[in-house]
Amino acid sequence: MTHDHAGAKEILQSGHPVLHKKAAPVPVQDIRSPKIQEVIKNMIATLESQADGVGLAAPQIGIPLRIFIVAGFVFDRMKKTTGSPHEIYINPVITKESKEKKWLDGEGCLSVRWLYGKVYRSTRVTLEAYDYQGNLRSRGAAGLLAHIFQHEVDHLNGILFTDKAKDLQEFDPEEIKEEIAKRKDGHFNTPRFEISESQSDKPDSGLVQIDLSDNEIDSDPEN
Ligand SMILES: [Zn+2]
């Protein structure tokens with residue numbers, strides 16, 4: 001793929017100090033400023049430069065601010081639509097999380113190439129955040145989106161998934177790129193960060209495929 005990704009920045013890798021520090025909130029009155037809008041543009045270009053990127057946090061491009069984005073195709077996948085815009089979350093706070101947690105398999109990170117592992121996370125969360133225009137919004141998420149929200153908020157607190165993962169495995173990037181290229185739906189997340197999970201309470205159940213369409217993404221988690 002030889003897309004032009006003007007504005008794309010280098011993605012910092014684990015070990016860089018910015019990735020391991022808590023990021024600062026964006027003053028709300030600055031959200032619409034050219035400076036913050038430029039940061040958002042650069043984040044989008046950077047995410048789009050990565051075939052397997054589902055989300056990106058500002059510290060990953062060296063900006064220590066509480067901003068993350070989620071790729072539009074994640075929403076397309078959930079809503080069975082096309083052309084959903086990327087979503088921008090500024091000063092995000094997880095206001096509710098389900099007591100139900102699962103070891104979700106195959107989590108990876110653009111800043112931890114090319115490791116994948118299992119992470120114990122809530123299956124549903126509610127996130128409150130400002131959008132790119134400075135409007136405060138709240139949304140519930142389940143499945144992959146809940147997973148991404150928790151991964152990205154962790155980034156803003158200086159936590160990488162490898163700080164809490166188990167069964168970490170390293171994969172050959174060429175193999176992953178080939179698998180992504182083969183997929184009919186073009187660029188989705190890595191095959192490892194496919195929407196599958198192993199249920200820790202049922203050790204013999206193996207991998208369970210979650211159909212995102214069964215998850216009501218806009219409703220609140222139960223608790
Ligand atoms: Zn990450």
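## Where Trp-114 sits

Where does Trp-114 lie? In this predicted model, Trp-114 is found in the loop between strand 4 and strand 5. The bond leading into Trp-114 deserves a look: the peptide bond from Arg-113 to Trp-114 is cis, with omega near -10°. Most peptide bonds are trans.

Is Trp-114 buried, exposed or partly exposed? Trp-114 counts as partly exposed because 17 other C-beta atoms lie within 10 Å, and a residue needs 20 or more to be called buried. As for its company, once neighbours within four places in sequence are set aside, Trp-114 is in contact with Glu-170, Phe-171, Pro-173 and Ile-176. Take Glu-170 from that group: Glu-170 and Trp-114 are 56 residues apart along the chain, yet their C-alpha atoms are separated by 5.6 Å.

## The three-stranded sheet

The two strands on either side of that loop, strand 4 and strand 5, belong to an open sheet of three strands with the order 4-5-8 and antiparallel pairing. Strand 4 (101–107) and strand 8 (166–170) are the edges, each pairing on one side only. On average, neighbouring strands here are turned by 25° against each other, direction ignored.

Five bridges hold the antiparallel pair of strand 4 and strand 5 (residues 115–122). To find this pairing on screen, go to Lys-102, whose bridge partner in strand 5 is Arg-121. Helix 3 (residues 143–156) packs on this sheet and touches strand 4 and strand 5. The direction of helix 3 makes about 100° with that of strand 5.

## The five-stranded sheet

There is also an open sheet of five strands, again with antiparallel pairing, in the order 1-2-3-6-7. Its edge strands are strand 1 (55–57) and strand 7 (136–142), and each of them pairs on one side only. From one strand to the next, the twist averages 40°.

Now walk across it. Strand 2 (residues 67–70) pairs with strand 3 (residues 87–97) over four bridges, in the antiparallel sense, and Ile-67 stands opposite Ile-90 in strand 3. Helix 1 (residues 34–48) packs on the sheet here, touching strand 1, strand 2 and strand 3. The direction of helix 1 makes about 40° with that of strand 2.

## Strand 6 and its partners

How many residues of strand 6 are buried? Five of the seven residues of strand 6 (residues 124–130) are buried, so to speak of this strand as mostly covered is fair. On one pairing, strand 3 and strand 6 run antiparallel and are joined by five bridges, with Val-93 opposite Glu-128 in strand 6.

The other pairing, with strand 7, is antiparallel over seven bridges. Here Ala-129 faces Arg-137 in strand 7. The hairpin of strand 6 and strand 7 has five residues between the strands, and Gly-134 takes a positive phi near 90° in it.

## Helix 2 and its buried side

Which residues of helix 2 (residues 72–79) are buried? They are Phe-73, Val-74, Arg-77 and Met-78. These four sit on the same side of helix 2 because they cover an arc of only 145° around the axis. That fits a general rule: an α-helix has 3.6 residues a turn, so residues three or four places apart point the same way.

What does that buried set pack against? Its neighbours are strand 2 and helix 3. Just after helix 2, Lys-80 takes a positive phi of about 55°.

## Unusual phi values in two strands

Most residues other than glycine have a negative phi. Asn-91 is not a glycine, but its phi is positive, at about 50°. Asn-91 lies in strand 3 and is partly exposed, with 19 other C-beta atoms within 10 Å.

Asp-167 is another residue other than glycine with a positive phi, near 55°. Asp-167 is placed in strand 8. Is Asp-167 buried or exposed? Asp-167 counts as exposed because 11 C-beta neighbours fall inside 10 Å, and the exposed class takes in residues with 12 or fewer.

Notes
Residues are numbered from 1 along each chain as its sequence is written. This is a predicted model: local features need pLDDT of at least 70, side-chain atom pairs count only at pLDDT 80 or more; totals for chains, interfaces and linings use all residues. Two strands pair if DSSP finds at least two bridges between them. Axes are lines fitted to C-alpha atoms, for helices over the stretch in contact, and angles run from 0 to 180 degrees between N-to-C directions. Two residues are in contact if their C-beta atoms, placed from the backbone, lie within 7 Å. The arc is that of the directions from the helix axis to the C-beta atoms.
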